[in-house]
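Here is a friendly walk through a two-chain model, meant to be read with the viewer open. Please load the coordinates and follow along.

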Amino acid sequence: MNLQRFEQLIEAYGSDPQRWPVAERAAALKLLAESDKAAALLEQSAWLDETLDQFAVPAFDQLNERLLKMPLPARSKGWLERVTQWLMPADSARVGEWWRPAALACLPLVFGLFMGMQLDLFQDPAAEMTADEAELLFIALADYPEPLE
Amino acid sequence: MHEISIGMSGSDRDIKPEASGSRRMLTDEQIMAAIAAGDRRIYADTVRQHSRAIAFYAWRMLGSQAEAEDVVQETFLRLWTQAARWQPDRAGISTWLHRVAHNLCIDHMRKDRSAVTDELDEDLEDHKTDPDEDLDMDMRQRRLQQAIAALPERQRSALILVHYQGLSNQAVAGIMDLSVDALESLLARARRTLKASLADLRVDSENKDTQAQPVCTNSRRQEKKA
């Protein structure tokens, strides 16, 4: 902390050390205790802080009452929050406590079945051949009497 | 860590604790998680704890009690609806609320450039006691109001957040999306402007050798005296 930085602090934050940045406060106070110039700078700025402190504000006596009577809107929930709340409602009846998690547990099984049906792993490829393709296959498998040249 | 109770605490120097009820310590993260989950009791406690600080900020920014209350109402509606979006690593609840209020105030000012009104005088009418003292006080209040209202909106917000709301430079820089260096530059310009525009108040004060007492001020100095 030097006098130049001290002056910058006073110009920005005023003469009350409580408003100075915490990280620099101790060093600024040390300089203030040791330097007459720093004390003079502080004194020159103090009147503005005293003046600003006289800025009165209304009491806002009824404010809390008004705020607490204010109707609170329903919050829009994200899809994940809605699904989670449906699956595990906080205030559900007893039945909701087990069947919904069970339904959630079944989802991977349903998903697996669906994907398995889409892949058609066990379907006979010949079943989807056209007539021309079947004839070519028949010819290819036939036992020719003459060798091909 | 915040003390949630039927009462208030924290760094906002304008706020005086109310009567205490049942108390328990919750972190900001726990509070916001509870509000996000729909806990109206925690929400109400949070409103009681922070509402006046936000109201004072909005009032100093806008100069109108009605508009300030609108900003506070919208700020706490957003607390209710957007608590789930709050990120604990970015800001505490107070700083988050100030950020919301700051953005709302800037929106208000841009919609209505004449937002700063003479309502201050009406708001303070009820507190008058001594006619001579009040005349001086009234004049000083009006001058202060005018001087702060005349600041560019970002300088005004920076000054109010640091001087009156008691937020740290890091928090204010975060609220205003600034670097700390840029914040210090804004603050220094604001204070230079105020020194020039309020210089006659200093002279008056020195000549009269009296100090007008604030009615309901941000009074670190008063606390020190106490």
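## A buried phenylalanine and an exposed aspartate

F60(A) has 22 other C-beta atoms within 10 Å, and since 20 or more are needed for a residue to count as buried, F60(A) is buried. To find F60(A) in this predicted model, look in the loop between helix 3 (36-52) and helix 4 (63-69) of chain A. The backbone there deserves a glance too: phi of F60(A) is near 55°, a positive value in a residue other than glycine. Most residues other than glycine have a negative phi.

Chain B offers a companion case in D177(B), whose phi is likewise near 55° and positive, again in a residue that is not glycine. D177(B) sits in the loop between helix 8 (169-175) and helix 9 of chain B. Is D177(B) buried or exposed? With 10 other C-beta atoms within 10 Å, D177(B) is exposed.

## The two chains in outline

Chain A contains 7 helices and 0 strands, so its elements read α-α-α-α-α-α-α from the N terminus on. Of its 149 residues, 15% are buried. Taking contacts in chain A between residues at least 6 apart in sequence, 50% join residues at least 24 apart.

Chain B has 11 helices and 2 strands. Its order from the N terminus on is β-β-α-α-α-α-α-α-α-α-α-α-α. Here 42% of the 226 residues count as buried. For contacts in chain B between residues at least 6 apart in sequence, the share that joins residues at least 24 apart is 67%.

## Where the chains meet

How many residues of chain B are in contact with chain A? There are 44, and they touch 32 residues of chain A. On the chain B side, the elements giving two or more residues are helix 2, helix 3, helix 5 (119-124), helix 6 (131-149), helix 7 (153-164), helix 9 (180-197), helix 10 (199-208) and helix 11 (220-225). Helix 2 of chain B provides the largest share of that side, with 9 residues. Sorted by class, the side of chain B that touches chain A has 20 nonpolar, 11 polar and 13 charged residues.

## Helix 3 of chain B and its two partners

Helix 3 of chain B has 18 residues and reaches 25 Å from its first C-alpha to its last, close to the 26 Å expected at 1.5 Å a residue. Its buried residues are Q65(B), E67(B), A68(B), E69(B), V71(B), V72(B), T75(B), F76(B) and L79(B). A helix repeat is handy to keep in mind here: with 3.6 residues a turn, residues three or four places apart point the same way.

The axes of helix 2 (residues 40-62) and helix 3 (residues 65-82) of chain B come within 8 Å and cross at roughly 140°. Helix 2 and helix 3 of chain B are therefore oblique to each other, and their crossing is right-handed. Residues in this contact include Y43(B), V47(B), I54(B) and W59(B) from helix 2 of chain B, with A68(B), V72(B), F76(B) and W80(B) among those from helix 3 of chain B. By class, the contact has 13 nonpolar, 4 polar and 2 charged residues.

On to the other partner: the axes of helix 3 and helix 4 (residues 93-111) of chain B come within 9 Å and cross at roughly 135°, which makes helix 3 of chain B oblique to helix 4 of chain B. This crossing is right-handed. Helix 3 of chain B contributes E67(B), V71(B), E74(B), T75(B), R78(B) and L79(B), while helix 4 of chain B contributes L97(B), V100(B), A101(B), L104(B), C105(B) and H108(B). The contact of helix 3 with helix 4 of chain B has 7 nonpolar, 2 polar and 3 charged residues.

## An enclosed helix

Helix 7 of chain B is largely enclosed by the rest of the structure, because 10 of its 12 residues are buried. Those buried residues are Q155(B), R156(B), S157(B), A158(B), L159(B), I160(B), L161(B), V162(B), H163(B) and Y164(B). The end C-alpha atoms of helix 7 of chain B are 15 Å apart, which agrees with the 16 Å that its 12 residues should span at 1.5 Å a residue. Just after helix 7 of chain B comes G166(B), with a positive phi of about 70°.

Methods: Residues are numbered from 1 along each chain as its sequence is written. Chains are lettered from A and ligands numbered from 1 in the order in which they are written. This is a predicted model: local features need pLDDT of at least 70, side-chain atom pairs count only at pLDDT 80 or more; totals for chains, interfaces and linings use all residues. Axes are lines fitted to C-alpha atoms, for helices over the stretch in contact, and angles run from 0 to 180 degrees between N-to-C directions. Helices (H or I, at least four residues) and strands (E, at least two) are DSSP runs, numbered from the N terminus. Angles under 35 degrees count as roughly parallel, over 145 as roughly antiparallel, 65 to 115 as roughly perpendicular and the rest as oblique. A crossing is left-handed if the near helix is turned anticlockwise from the far one by less than a right angle, and right-handed if clockwise. Two residues are in contact if their C-beta atoms, placed from the backbone, lie within 7 Å. Ala, Val, Leu, Ile, Met, Phe, Trp, Tyr, Cys and Pro count as nonpolar, Asp, Glu, Lys and Arg as charged, and the others, Gly among them, as polar. The expected span of a helix is 1.5 Å times one less than its number of residues.
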